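Trainee: I want to test the labels on this model against their cut-offs. Can we go through them one by one?

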Amino acid sequence: MGRHWKHLTGTLFLFYLGMLFACGDAFSQADLPSNENATKETASLYRNLKKLASRGFMFGHQDDLAYGVEWKYKENRSDVKEAAGDYPALYGWELGGIERENPNNLDGVPFDKMRQFIRQGYERGGVISISWHATSPFGNEKGAWDTAHGSVASILPGGRNHDLYKSWLDRVASFLSSLKGAKGEAIPILFRPFHEHSGNWFWWGRNACSADQYATLWRFTVYYLQTQKKLNNLLFVYNTSGDFRNRDEFLEGYPGDDIIDVLSFDAYQYNDPQKDNGFVVNTNKSLALIGEIAKEKNKLFALAETGYEAIPYASWWTETLGKAIGDNKISYVLVWRNHGYNESMKKMHYYAPYKGQVSQPDFVKFYEQDKTLFEKDINSEKLYQ
Ligand code: BMA
């Protein structure tokens, strides 16, 4: 090879190297969470979740370690573990009541215990997601389920309940900052406040405030937690109910790419799936839609809450939920809590199977699928490194 050629290949090689670095840089930039001051573990979690989505989706369960259909506060118990032989990959917890300084959340879970459960899940390599059914600032017995107009406006800067709202955020921040791993590091949290806002049942819902007020509520909340309270362990989850029909409806009230990390919605099965496949069709379509938006915005996306109460259909996991998710590269799906028999509702209220439950064998099949990720699957992924 002549000198000239050597020179050229050398230049090409350098150019190639340069491109590699430039692209590498572009990729890593794109995989940073919205908060540029996110802790190391939080930034790692975000980056790793981005990768994980091509492998499969994490299975999550609300209040999993706290109680099950027939038990409460028993060390290491989990209905999911007893049904599938493995813990969930994702644990959902709920802060409703913390704003009022209640020692227990709205479903009776003591915050002190919740802190320990969160740590246990995290130490096992699991991911933690937290929702917040805050009581209406108008303060009545309806709790979060108050649709009186004006409650959001009243807590925004300049509103008459703004100071009250800041005191709530102080309590939320104090709990979130108390979540620490073994080395004293802040446990990363997927925080999902003001969920299902496109529905009309919560005080932050569609008819109780304008889209602008909703976005302002979000922006103030993120600013206060991040800038005032210096919480850098949060990834923020935007969440609507499942009833949006198009992109504009899904994004109505969206507070901005600069503060949101995950796009999601909640959708439950109500009708008998053997007679009505509406849940499969609609959930699949809606996931595809938010998946496109997430791709454009370079965010994660998820089915943040779902379930079929008391799971009366034995093949619900593989025949319904699995098909509803289909090929959508979601990060996770979470099923709601296993309360057991609900006195006030006079019925069973649970969403994950327990050992012996009619859908348990199908849940095991679902567990065994490559794309469903439980604790053993994600443990090797070292999501926080
Ligand atoms: C609902 C029900 C309620 C519960 C609320 C908040 O879907 O499970 O019993 O209080 O979620 O966790």
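Trainee: Why is Lys50 called buried?

Mentor: Buried means under 20% relative accessible area, exposed over 50%, and partly exposed in between, with a 1.4 Å probe and protein chains only. Lys50 has a relative accessible area of 18%, so Lys50 is buried. This is a predicted model: local features need pLDDT of at least 70, side-chain atom pairs count only at pLDDT 80 or more, and totals for chains, interfaces and linings use all residues. Residues are numbered from 1 along each chain as its sequence is written, and side-chain values use heavy atoms, with hydrogens and water left out.

Trainee: What makes Lys50 and Asp31 a salt bridge?

Mentor: The term requires a side-chain nitrogen of Lys or Arg within 4 Å of a carboxyl oxygen of Asp or Glu. The closest N and O atoms of Lys50 and Asp31 are 3.1 Å apart. The pair links distant parts of the chain, 19 residues apart: Lys50 is in helix 2 (residues 40-52), Asp31 in the loop between helix 1 (3-30) and helix 2. Helices here are DSSP runs of H or I, at least four residues; strands are runs of E, at least two; both are numbered from the N terminus.

Trainee: What distance separates the closest N and O atoms of Asp377 and Arg55?

Mentor: They are 4.0 Å apart, and the pair forms a salt bridge. Asp377 lies in helix 12 (residues 375-379) and Arg55 in the loop between helix 2 and strand 1 (57-62), so the pair ties together parts 322 residues apart in sequence. Arg55 is partly exposed, because its relative accessible area is 37%.

Trainee: How do you know whether Glu82 is buried or exposed?

Mentor: Neither label applies: its relative accessible area is 27%, so Glu82 is partly exposed. Arg77, at 29%, is partly exposed as well. The side chains of Glu82 and Arg77 meet in a salt bridge, 2.8 Å from N to O. Elsewhere, salt bridges that share partners join Arg55, Asp377 and Glu381 into one network. The whole structure has 22 salt bridges.

Trainee: What supports a polar contact between the ligand and Asp107?

Mentor: A polar contact needs a pair of N or O atoms within 3.5 Å; within protein, one must be able to donate a hydrogen and the other to accept it, and residues adjacent in sequence count only if both atoms are side-chain atoms. A ligand oxygen is 2.5 Å from an N or O atom in the side chain of Asp107. For His349, the corresponding distance is 2.6 Å.
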